[in-house]
Amino acid sequence: MNMTAPRTVAASTPSPAVDLAVQRERKLVEAARAGDGKAFAALVRPHLPLLYRLAARACGDASLAEDAVQEALDLTYQRLDRYEPGTSMRAFLASMTVRRAKTLARAERRRKVREDASATPQQADTPAELMGAADLKRRVVEALAELPEKRREAAMLRLDGGLSHAEIAEALGSTERSVRVMVHLALKDLRGKLSDMFGGDRPSQPEVASTATRSAT
Amino acid sequence: MTNHPTPQSPEERELQEVFDETAELPSEAQLERMIARAEQIPGGQRNRRRSAWLIPLAAAAAVALAIGGSAWWAQDRENGAPVASTATSVPTATPTAVASVDPKQDSSATDDTYDDIPVLPADPLAVLDGDFDNGGGWMGELDLLHGPAGDGDDGFWEEMELLMEEGG
(Lines give C-alpha, C1' and ligand atoms only; values in the text may rest on other atoms or scores of the structure.)
Protein backbone atom coordinates (compact mmCIF):
# COMPACT_ATOMS: atom_id res chain seq x y z
CA MET A 1 0.00 0.00 0.00
CA ASN A 2 1.35 3.37 -0.90
CA MET A 3 1.07 5.64 2.11
CA THR A 4 3.99 7.85 1.20
CA ALA A 5 2.12 10.64 -0.55
CA PRO A 6 0.38 12.76 2.07
CA ARG A 7 -3.15 13.62 1.10
CA THR A 8 -5.67 15.48 3.14
CA VAL A 9 -9.01 13.81 2.87
CA ALA A 10 -11.12 16.07 5.00
CA ALA A 11 -10.96 19.05 2.67
CA SER A 12 -8.95 20.35 -0.21
CA THR A 13 -8.14 23.60 1.65
CA PRO A 14 -7.30 22.70 5.24
CA SER A 15 -9.29 24.60 7.81
CA PRO A 16 -7.98 25.39 11.32
CA ALA A 17 -10.11 22.54 12.64
CA VAL A 18 -8.48 20.13 10.22
CA ASP A 19 -5.06 21.40 11.22
CA LEU A 20 -5.88 20.76 14.85
CA ALA A 21 -7.12 17.28 14.04
CA VAL A 22 -3.94 16.55 12.12
CA GLN A 23 -1.81 17.88 14.95
CA ARG A 24 -3.69 15.75 17.46
CA GLU A 25 -3.33 12.70 15.25
CA ARG A 26 0.39 13.37 14.80
CA LYS A 27 0.85 13.55 18.59
CA LEU A 28 -1.05 10.30 19.06
CA VAL A 29 0.97 8.58 16.35
CA GLU A 30 4.24 9.73 17.90
CA ALA A 31 3.16 8.65 21.37
CA ALA A 32 1.96 5.29 20.05
CA ARG A 33 5.25 4.75 18.24
CA ALA A 34 7.01 5.48 21.52
CA GLY A 35 5.02 2.65 23.10
CA ASP A 36 2.01 4.47 24.58
CA GLY A 37 -0.82 1.94 24.45
CA LYS A 38 -3.52 4.45 25.34
CA ALA A 39 -2.42 6.72 22.51
CA PHE A 40 -2.63 3.84 20.06
CA ALA A 41 -6.07 2.88 21.35
CA ALA A 42 -7.21 6.50 21.03
CA LEU A 43 -5.93 6.55 17.48
CA VAL A 44 -7.84 3.46 16.36
CA ARG A 45 -10.89 3.66 18.63
CA PRO A 46 -13.11 5.76 16.32
CA HIS A 47 -12.59 3.28 13.50
CA LEU A 48 -13.19 0.03 15.40
CA PRO A 49 -16.89 -0.45 14.52
CA LEU A 50 -16.06 0.06 10.87
CA LEU A 51 -13.11 -2.32 11.06
CA TYR A 52 -15.27 -4.95 12.73
CA ARG A 53 -17.91 -4.59 10.05
CA LEU A 54 -15.32 -4.88 7.30
CA ALA A 55 -13.69 -7.87 8.95
CA ALA A 56 -16.98 -9.67 9.44
CA ARG A 57 -17.87 -9.18 5.79
CA ALA A 58 -14.44 -10.13 4.50
CA CYS A 59 -14.33 -13.26 6.69
CA GLY A 60 -17.95 -14.11 5.99
CA ASP A 61 -18.04 -15.12 9.64
CA ALA A 62 -18.69 -12.70 12.49
CA SER A 63 -17.01 -14.98 15.00
CA LEU A 64 -13.69 -14.32 13.29
CA ALA A 65 -14.14 -10.57 13.01
CA GLU A 66 -12.75 -9.67 16.41
CA ASP A 67 -9.60 -11.72 15.88
CA ALA A 68 -9.19 -10.26 12.40
CA VAL A 69 -9.41 -6.73 13.81
CA GLN A 70 -6.89 -7.59 16.51
CA GLU A 71 -4.44 -8.95 13.95
CA ALA A 72 -5.01 -5.95 11.71
CA LEU A 73 -4.27 -3.61 14.62
CA ASP A 74 -1.13 -5.56 15.42
CA LEU A 75 -0.01 -5.17 11.82
CA THR A 76 -1.01 -1.52 11.80
CA TYR A 77 1.17 -0.84 14.80
CA GLN A 78 4.12 -2.58 13.17
CA ARG A 79 3.69 -0.35 10.14
CA LEU A 80 2.76 2.82 11.91
CA ASP A 81 5.96 4.48 10.79
CA ARG A 82 4.62 4.30 7.24
CA TYR A 83 1.56 6.30 8.15
CA GLU A 84 1.66 9.98 7.44
CA PRO A 85 -0.60 11.95 9.81
CA GLY A 86 -3.10 13.95 7.87
CA THR A 87 -3.75 11.19 5.36
CA SER A 88 -6.60 8.78 5.93
CA MET A 89 -6.11 6.65 9.02
CA ARG A 90 -9.42 5.04 8.15
CA ALA A 91 -8.10 3.92 4.76
CA PHE A 92 -4.85 2.77 6.37
CA LEU A 93 -6.69 0.64 8.92
CA ALA A 94 -9.35 -0.57 6.50
CA SER A 95 -6.87 -1.94 4.01
CA MET A 96 -5.01 -3.81 6.78
CA THR A 97 -8.27 -5.20 8.11
CA VAL A 98 -9.56 -6.44 4.76
CA ARG A 99 -6.29 -8.22 4.08
CA ARG A 100 -5.93 -9.77 7.52
CA ALA A 101 -9.55 -10.86 7.47
CA LYS A 102 -9.05 -12.48 4.10
CA THR A 103 -5.99 -14.38 5.35
CA LEU A 104 -7.79 -15.44 8.49
CA ALA A 105 -10.85 -16.57 6.56
CA ARG A 106 -8.69 -18.62 4.20
CA ALA A 107 -6.99 -20.34 7.14
CA GLU A 108 -10.37 -20.96 8.73
CA ARG A 109 -11.74 -22.48 5.53
CA ARG A 110 -8.77 -24.84 5.37
CA ARG A 111 -9.32 -25.80 8.98
CA LYS A 112 -13.01 -26.41 8.39
CA VAL A 113 -12.29 -28.55 5.33
CA ARG A 114 -9.97 -30.69 7.46
CA GLU A 115 -12.53 -30.93 10.25
CA ASP A 116 -15.44 -31.65 7.92
CA ALA A 117 -13.49 -34.47 6.33
CA SER A 118 -13.36 -36.26 9.67
CA ALA A 119 -16.64 -35.05 11.20
CA THR A 120 -20.01 -36.72 10.85
CA PRO A 121 -22.37 -35.00 8.41
CA GLN A 122 -24.58 -32.38 10.03
CA GLN A 123 -28.19 -31.71 9.31
CA ALA A 124 -28.72 -29.04 6.68
CA ASP A 125 -30.46 -25.77 7.54
CA THR A 126 -34.20 -25.83 7.25
CA PRO A 127 -35.79 -23.88 4.37
CA ALA A 128 -37.24 -21.43 6.85
CA GLU A 129 -33.81 -20.64 8.19
CA LEU A 130 -32.43 -20.32 4.71
CA MET A 131 -35.01 -17.66 3.96
CA GLY A 132 -34.06 -15.67 7.02
CA ALA A 133 -31.58 -13.00 7.86
CA ALA A 134 -28.64 -15.35 7.81
CA ASP A 135 -29.46 -16.25 4.23
CA LEU A 136 -29.48 -12.62 3.22
CA LYS A 137 -26.06 -12.09 4.71
CA ARG A 138 -24.76 -15.25 3.15
CA ARG A 139 -25.99 -14.18 -0.25
CA VAL A 140 -24.17 -10.87 0.00
CA VAL A 141 -20.99 -12.62 1.08
CA GLU A 142 -21.31 -15.12 -1.76
CA ALA A 143 -21.97 -12.38 -4.30
CA LEU A 144 -18.85 -10.60 -3.09
CA ALA A 145 -16.82 -13.79 -3.19
CA GLU A 146 -17.61 -14.23 -6.85
CA LEU A 147 -16.07 -10.88 -7.73
CA PRO A 148 -12.44 -10.58 -8.79
CA GLU A 149 -10.27 -9.81 -5.77
CA LYS A 150 -9.57 -6.14 -6.44
CA ARG A 151 -13.19 -5.41 -7.25
CA ARG A 152 -14.30 -7.24 -4.12
CA GLU A 153 -11.96 -5.23 -1.94
CA ALA A 154 -13.02 -2.02 -3.63
CA ALA A 155 -16.69 -2.86 -3.10
CA MET A 156 -16.21 -3.69 0.56
CA LEU A 157 -14.14 -0.59 1.22
CA ARG A 158 -16.81 1.46 -0.51
CA LEU A 159 -19.99 -0.08 0.88
CA ASP A 160 -18.86 -1.40 4.26
CA GLY A 161 -15.93 0.92 4.87
CA GLY A 162 -17.63 4.03 3.56
CA LEU A 163 -14.39 5.16 1.96
CA SER A 164 -14.16 7.72 -0.81
CA HIS A 165 -12.67 6.72 -4.15
CA ALA A 166 -9.47 8.55 -3.23
CA GLU A 167 -9.21 6.68 0.06
CA ILE A 168 -9.84 3.35 -1.64
CA ALA A 169 -7.11 4.20 -4.13
CA GLU A 170 -4.79 4.89 -1.22
CA ALA A 171 -5.77 1.68 0.52
CA LEU A 172 -5.33 -0.46 -2.58
CA GLY A 173 -2.26 1.31 -3.88
CA SER A 174 -4.11 2.23 -7.03
CA THR A 175 -5.22 5.38 -8.80
CA GLU A 176 -8.50 7.11 -8.16
CA ARG A 177 -9.51 6.68 -11.79
CA SER A 178 -8.91 2.90 -11.64
CA VAL A 179 -10.83 2.69 -8.41
CA ARG A 180 -13.82 4.48 -9.91
CA VAL A 181 -13.90 1.90 -12.68
CA MET A 182 -13.40 -1.00 -10.24
CA VAL A 183 -16.17 0.22 -7.94
CA HIS A 184 -18.52 0.80 -10.86
CA LEU A 185 -17.97 -2.72 -12.22
CA ALA A 186 -18.21 -4.26 -8.75
CA LEU A 187 -21.51 -2.52 -8.02
CA LYS A 188 -22.88 -3.55 -11.39
CA ASP A 189 -21.94 -7.18 -10.75
CA LEU A 190 -23.39 -7.10 -7.25
CA ARG A 191 -26.65 -5.59 -8.41
CA GLY A 192 -26.88 -8.32 -11.02
CA LYS A 193 -26.29 -11.08 -8.49
CA LEU A 194 -28.61 -9.59 -5.88
CA SER A 195 -31.22 -8.27 -8.31
CA ASP A 196 -34.10 -10.00 -6.55
CA MET A 197 -33.38 -7.96 -3.44
CA PHE A 198 -34.25 -4.75 -5.23
CA GLY A 199 -37.62 -3.46 -6.32
CA GLY A 200 -40.68 -5.62 -5.80
CA ASP A 201 -38.79 -8.84 -5.04
CA ARG A 202 -36.96 -7.34 -2.12
CA PRO A 203 -37.78 -8.73 1.31
CA SER A 204 -39.95 -6.53 3.45
CA GLN A 205 -38.14 -3.86 5.46
CA PRO A 206 -38.84 -5.18 9.00
CA GLU A 207 -37.50 -8.57 8.02
CA VAL A 208 -34.36 -7.12 6.51
CA ALA A 209 -33.82 -4.62 9.28
CA SER A 210 -33.68 -7.42 11.79
CA THR A 211 -30.60 -8.77 10.06
CA ALA A 212 -28.46 -5.79 10.96
CA THR A 213 -27.59 -7.42 14.20
CA ARG A 214 -25.31 -6.44 16.94
CA SER A 215 -23.42 -9.55 17.79
CA ALA A 216 -23.92 -10.81 21.26
CA THR A 217 -20.75 -11.47 23.17
CA MET B 1 -26.36 4.01 7.38
CA THR B 2 -22.82 4.53 6.22
CA ASN B 3 -22.09 8.20 5.90
CA HIS B 4 -20.29 8.51 2.61
CA PRO B 5 -17.85 11.30 1.98
CA THR B 6 -18.75 11.27 -1.69
CA PRO B 7 -22.17 11.32 -3.34
CA GLN B 8 -23.69 8.02 -4.40
CA SER B 9 -25.83 7.22 -7.39
CA PRO B 10 -29.35 5.91 -6.71
CA GLU B 11 -28.22 2.40 -7.70
CA GLU B 12 -25.30 2.57 -5.31
CA ARG B 13 -27.56 3.86 -2.54
CA GLU B 14 -29.83 0.84 -2.98
CA LEU B 15 -26.90 -1.50 -2.73
CA GLN B 16 -25.60 0.49 0.21
CA GLU B 17 -28.85 -0.16 2.04
CA VAL B 18 -28.50 -3.89 1.51
CA PHE B 19 -24.95 -3.78 2.83
CA ASP B 20 -25.95 -1.67 5.81
CA GLU B 21 -28.81 -4.00 6.66
CA THR B 22 -26.69 -7.13 6.49
CA ALA B 23 -23.70 -5.67 8.29
CA GLU B 24 -22.34 -7.13 11.50
CA LEU B 25 -21.63 -4.55 14.17
CA PRO B 26 -19.71 -5.12 17.38
CA SER B 27 -21.47 -5.10 20.70
CA GLU B 28 -20.38 -2.67 23.42
CA ALA B 29 -18.55 -5.47 25.20
CA GLN B 30 -16.71 -6.40 22.03
CA LEU B 31 -15.76 -2.79 21.46
CA GLU B 32 -14.41 -2.47 24.97
CA ARG B 33 -12.47 -5.68 24.54
CA MET B 34 -10.98 -4.52 21.25
CA ILE B 35 -9.96 -1.20 22.81
CA ALA B 36 -8.35 -2.98 25.77
CA ARG B 37 -6.47 -5.28 23.42
CA ALA B 38 -5.38 -2.34 21.26
CA GLU B 39 -3.90 -0.70 24.36
CA GLN B 40 -1.76 -3.78 24.93
CA ILE B 41 -0.32 -3.87 21.42
CA PRO B 42 2.53 -1.33 21.76
CA GLY B 43 3.72 -2.88 25.03
CA GLY B 44 3.43 -6.40 23.69
CA GLN B 45 5.38 -5.61 20.55
CA ARG B 46 8.04 -3.76 22.54
CA ASN B 47 8.47 -6.83 24.71
CA ARG B 48 8.68 -9.01 21.64
CA ARG B 49 11.31 -6.68 20.17
CA ARG B 50 13.20 -6.77 23.46
CA SER B 51 13.02 -10.55 23.52
CA ALA B 52 14.15 -10.63 19.92
CA TRP B 53 17.48 -9.19 21.07
CA LEU B 54 18.00 -12.23 23.25
CA ILE B 55 18.32 -14.53 20.26
CA PRO B 56 21.40 -12.88 18.67
CA LEU B 57 22.72 -12.22 22.16
CA ALA B 58 22.48 -15.91 23.05
CA ALA B 59 24.04 -16.83 19.71
CA ALA B 60 26.91 -14.38 20.31
CA ALA B 61 27.42 -15.79 23.80
CA ALA B 62 27.53 -19.33 22.41
CA VAL B 63 30.10 -18.33 19.79
CA ALA B 64 32.22 -16.51 22.42
CA LEU B 65 32.09 -19.59 24.65
CA ALA B 66 33.11 -21.82 21.79
CA ILE B 67 36.05 -19.57 20.86
CA GLY B 68 37.10 -19.14 24.48
CA GLY B 69 36.75 -22.85 25.10
CA SER B 70 38.89 -23.80 22.13
CA ALA B 71 41.55 -21.23 23.11
CA TRP B 72 41.63 -22.64 26.63
CA TRP B 73 41.81 -26.13 25.19
CA ALA B 74 44.71 -25.20 22.93
CA GLN B 75 46.55 -23.57 25.84
CA ASP B 76 46.04 -26.68 27.95
CA ARG B 77 47.56 -28.76 25.23
CA GLU B 78 50.62 -26.52 25.12
CA ASN B 79 50.98 -26.88 28.88
CA GLY B 80 50.92 -30.65 28.54
CA ALA B 81 47.53 -31.23 30.10
CA PRO B 82 45.57 -34.27 28.95
CA VAL B 83 44.01 -33.70 25.60
CA ALA B 84 41.58 -35.58 23.50
CA SER B 85 43.13 -37.62 20.76
CA THR B 86 43.39 -35.88 17.44
CA ALA B 87 43.77 -37.20 13.97
CA THR B 88 47.55 -37.10 14.24
CA SER B 89 47.72 -38.83 17.61
CA VAL B 90 45.14 -41.59 17.15
CA PRO B 91 46.83 -44.94 17.55
CA THR B 92 46.71 -47.04 14.44
CA ALA B 93 45.82 -50.22 16.29
CA THR B 94 43.12 -52.40 14.81
CA PRO B 95 39.63 -51.93 16.26
CA THR B 96 39.59 -55.46 17.65
CA ALA B 97 42.76 -54.78 19.55
CA VAL B 98 41.29 -51.58 20.99
CA ALA B 99 38.16 -53.39 22.07
CA SER B 100 40.13 -56.05 23.86
CA VAL B 101 41.57 -53.60 26.38
CA ASP B 102 39.83 -52.62 29.56
CA PRO B 103 39.95 -48.83 29.69
CA LYS B 104 40.09 -48.92 33.49
CA GLN B 105 43.27 -50.88 33.30
CA ASP B 106 44.72 -48.93 30.43
CA SER B 107 47.34 -46.81 32.12
CA SER B 108 48.46 -45.42 28.80
CA ALA B 109 45.23 -43.48 28.67
CA THR B 110 46.70 -41.15 31.28
CA ASP B 111 49.92 -40.67 29.40
CA ASP B 112 50.67 -37.17 28.28
CA THR B 113 51.37 -38.25 24.75
CA TYR B 114 51.04 -41.24 22.55
CA ASP B 115 54.65 -41.06 21.46
CA ASP B 116 55.39 -44.50 22.80
CA ILE B 117 52.77 -46.23 20.77
CA PRO B 118 54.53 -48.45 18.30
CA VAL B 119 53.69 -48.33 14.66
CA LEU B 120 52.04 -51.38 13.17
CA PRO B 121 54.41 -53.57 11.22
CA ALA B 122 54.10 -53.68 7.48
CA ASP B 123 52.57 -57.15 7.83
CA PRO B 124 49.96 -57.07 10.61
CA LEU B 125 49.83 -60.87 10.68
CA ALA B 126 53.41 -60.83 11.99
CA VAL B 127 51.93 -59.71 15.32
CA LEU B 128 49.90 -62.86 15.55
CA ASP B 129 52.89 -64.91 14.58
CA GLY B 130 54.88 -63.48 17.45
CA ASP B 131 57.45 -62.02 15.14
CA PHE B 132 56.80 -58.44 15.99
CA ASP B 133 59.65 -56.82 17.88
CA ASN B 134 57.44 -55.75 20.72
CA GLY B 135 57.61 -58.92 22.69
CA GLY B 136 55.94 -61.31 20.25
CA GLY B 137 52.90 -63.57 20.53
CA TRP B 138 49.61 -62.47 21.96
CA MET B 139 51.35 -60.48 24.65
CA GLY B 140 53.04 -58.58 21.89
CA GLU B 141 49.64 -57.80 20.42
CA LEU B 142 48.61 -56.25 23.70
CA ASP B 143 51.86 -54.36 23.79
CA LEU B 144 50.74 -52.61 20.66
CA LEU B 145 48.48 -50.64 22.93
CA HIS B 146 50.52 -50.51 26.07
CA GLY B 147 53.90 -49.85 24.64
CA PRO B 148 57.03 -51.87 25.12
CA ALA B 149 57.71 -53.54 28.46
CA GLY B 150 59.31 -51.33 31.03
CA ASP B 151 57.87 -48.12 29.68
CA GLY B 152 55.81 -47.45 32.76
CA ASP B 153 53.11 -50.06 32.27
CA ASP B 154 54.71 -52.42 34.72
CA GLY B 155 52.02 -51.83 37.26
CA PHE B 156 49.48 -53.26 34.87
CA TRP B 157 51.50 -56.34 34.13
CA GLU B 158 52.22 -56.89 37.80
CA GLU B 159 48.55 -56.76 38.42
CA MET B 160 47.94 -59.18 35.60
CA GLU B 161 50.51 -61.56 37.00
CA LEU B 162 48.88 -61.39 40.42
CA LEU B 163 45.51 -62.07 38.91
CA MET B 164 46.86 -65.01 36.99
CA GLU B 165 48.47 -66.39 40.08
CA GLU B 166 45.27 -66.01 42.04
CA GLY B 167 43.33 -67.61 39.24
CA GLY B 168 45.88 -70.36 38.86
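In chain A of this predicted model, helix H5 spans residues 89–118 and includes Arg114(A). With a relative accessibility of 55%, Arg114(A) counts as exposed, because the cut-off for that class is over 50%. Arg114(A) also belongs to a positive surface patch, in which it is joined by Arg106(A), Arg109(A) and Arg110(A).

Chain B offers a patch of the opposite sign. Here Glu158(B), Glu161(B), Glu165(B) and Glu166(B) form a negative surface patch. One of these residues, Glu158(B), is found in helix H6 of chain B, which covers residues 154–167. Membership in either patch requires over 30% relative accessible area and no salt bridge, so Glu158(B) and its partners in the negative patch meet both conditions.

Turning to the overall make-up of chain B, the secondary structure comprises 6 helices and 0 strands. Followed along the sequence, these elements give the pattern α-α-α-α-α-α. Chain B has 168 residues, and 27% of them count as buried, a class that takes in residues under 20% relative accessible area.

The contacts and surface of chain B complete the picture. When contacts between residues at least 6 apart in sequence are considered, 40% of them link residues at least 24 apart. The accessible surface of chain B amounts to about 11,100 Å². Carbon and sulfur atoms account for 60% of that surface.

Methods
Residues numbered from 1 in each chain as written. Chains lettered and ligands numbered in written order. Predicted model: local features only at pLDDT ≥ 70, side-chain atom pairs only at ≥ 80, totals over all residues. Heavy atoms only, no water. Patch = residues over 30% accessible without salt bridge, like charges linked within 9 Å, V, L, I, M, F, W, Y side chains within 5 Å. Areas by Shrake-Rupley, 256 points an atom, 1.4 Å probe, with all protein chains shown as cover. Salt bridge = Lys/Arg side-chain N within 4 Å of Asp/Glu carboxyl O. Lys, Arg positive; Asp, Glu negative; His and termini not counted. Charge placed at Lys NZ, Arg CZ, Asp CG, Glu CD. Helix = DSSP H or I, 4+ residues; strand = E, 2+ residues; numbered from the N terminus. Buried < 20%, exposed > 50% of the residue type's maximum accessible area, 1.4 Å probe, protein only. Contact = heavy atoms within 4.5 Å.
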